[in-house]
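The following paragraphs lead through one protein model, beginning with the overall architecture and proceeding to individual residues. Please keep the sequence and the coordinates in view while reading.

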Amino acid sequence: MIGIAVFFIVLGIIIRYGKMYFLIAGYNTKPKEERAKFNADGIATVFRNSMFGMAIIMIIGYFLANWLNNPDIENVTFFGAILIGIPYLVIKSNSDKFKIK
């Protein structure tokens, strides 16, 4: 669980600060003219924040499960983070907020 959380943190850092926008689904397949219509930094910030949020929830779930000696908590927080984080990421990053007019 901690490994997945660390992976999400690293992925968020790589996308935002490493400017590896090709990791954003569909972004690199667009023509250059179409990519110029989007604020890639803004979308990368949403990715970073979403990845960090999911990682924090997973880390909290891991330590809470160990503290209460209940491994089910770890599973619930993992799937909860994924089920909330991924739709938020998709909806927010595809919003008109990041289109340059």
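**Overall architecture**

The protein contains 4 helices and 0 strands. The model is a predicted one. Read from the N terminus, the order of the elements is α-α-α-α. The C-alpha trace spans about 55 × 25 × 15 Å along its principal axes. Of the 101 residues in the protein, 33% are buried. The exposed area of the protein is about 6500 Å², and carbon and sulfur atoms supply 68% of this area. Among contacts with a separation of 6 or more, 66% are between residues 24 or more positions apart.

**Helix α1 and its two faces**

Helix α1 covers residues 2–17. With 16 residues, α1 reaches 22 Å from its first C-alpha to its last, close to the 22 Å expected at 1.5 Å a residue. Which residues of α1 are buried? They are Ala5, Phe8, Leu11, Gly12, Ile15 and Arg16. These residues lie on the same side of α1, because they cover an arc of only 120° around the axis. The general geometry of the α-helix is relevant here: there are 3.6 residues a turn, so residues three or four places apart point the same way.

The partners of this buried side can be named as well. The buried residues of α1 pack against α3, which comprises residues 40–68, and against α4, which comprises residues 71–93. On the face of α1 turned away from the buried side are the exposed residues Gly3 and Tyr17.

**A nonpolar patch on the surface**

Helix α1 also takes part in a surface feature. A nonpolar patch is formed on the surface by Ile2, Val6, Val10, Ile14, Met20, Leu23 and Phe63, and together these residues have about 540 Å² of accessible area. The element that gives the most to the nonpolar patch is α1, with 4 residues. Met20, another member of the patch, is placed in the loop between α1 and α2, the latter being residues 32–35. Met20 counts as partly exposed because its relative accessibility is 34%, and the range for that class lies between 20% and 50%.

The same loop, between α1 and α2, also holds Pro31. At 48% relative accessibility, Pro31 is likewise assigned to the partly exposed class. Pro31 and Gly3 are separated by 28 residues in sequence and by 35 Å in space, C-alpha to C-alpha.

**The salt bridge between α1 and α3**

How many salt bridges does the structure hold? The structure holds 1 salt bridge. It joins the side chains of Asp41 and Arg16, at 3.9 Å from N to O. The pair links distant parts of the chain, with Asp41 in helix α3 and Arg16 in helix α1, 25 residues apart. In general, side chains of opposite charge can pair when their charged atoms come close.

Is each partner buried or partly exposed? Asp41 is partly exposed, with a relative accessible area of 34%. Arg16 has a relative accessibility of 19% and therefore counts as buried, since the limit for that class is under 20%. Arg16 thus belongs to the buried residues of α1.

**Helix α3 and the loop that follows**

Helix α3 has 29 residues, which should span 42 Å at 1.5 Å a residue; its end C-alpha atoms are 42 Å apart, so the two values agree. Within α3 lies Ser50. Ser50 is buried, with a relative accessible area of 6%. When residues up to four places away in sequence are not counted, Ser50 touches Tyr88 and Leu89.

What sign does phi take in the residue that follows α3? The residue is Asn69, and its phi is positive, near 55°. Asn69 lies in the loop between α3 and α4. Its relative accessible area of 69% is the reason why Asn69 is classed as exposed. Helix α1 is likewise followed by a residue with positive phi, namely Lys19, with a value near 55°. As general background, most residues other than glycine have a negative phi. Asn69 is a residue other than glycine with a positive value.

Methods
Residues numbered from 1 in each chain as written. Predicted model: local features only at pLDDT ≥ 70, side-chain atom pairs only at ≥ 80, totals over all residues. Heavy atoms only, no water. Patch = residues over 30% accessible without salt bridge, like charges linked within 9 Å, V, L, I, M, F, W, Y side chains within 5 Å. Areas by Shrake-Rupley, 256 points an atom, 1.4 Å probe, with all protein chains shown as cover. Salt bridge = Lys/Arg side-chain N within 4 Å of Asp/Glu carboxyl O. Helix = DSSP H or I, 4+ residues; strand = E, 2+ residues; numbered from the N terminus. Buried < 20%, exposed > 50% of the residue type's maximum accessible area, 1.4 Å probe, protein only. Expected span 1.5 Å × (residues − 1). Arc of directions from axis to C-beta. Contact = heavy atoms within 4.5 Å.
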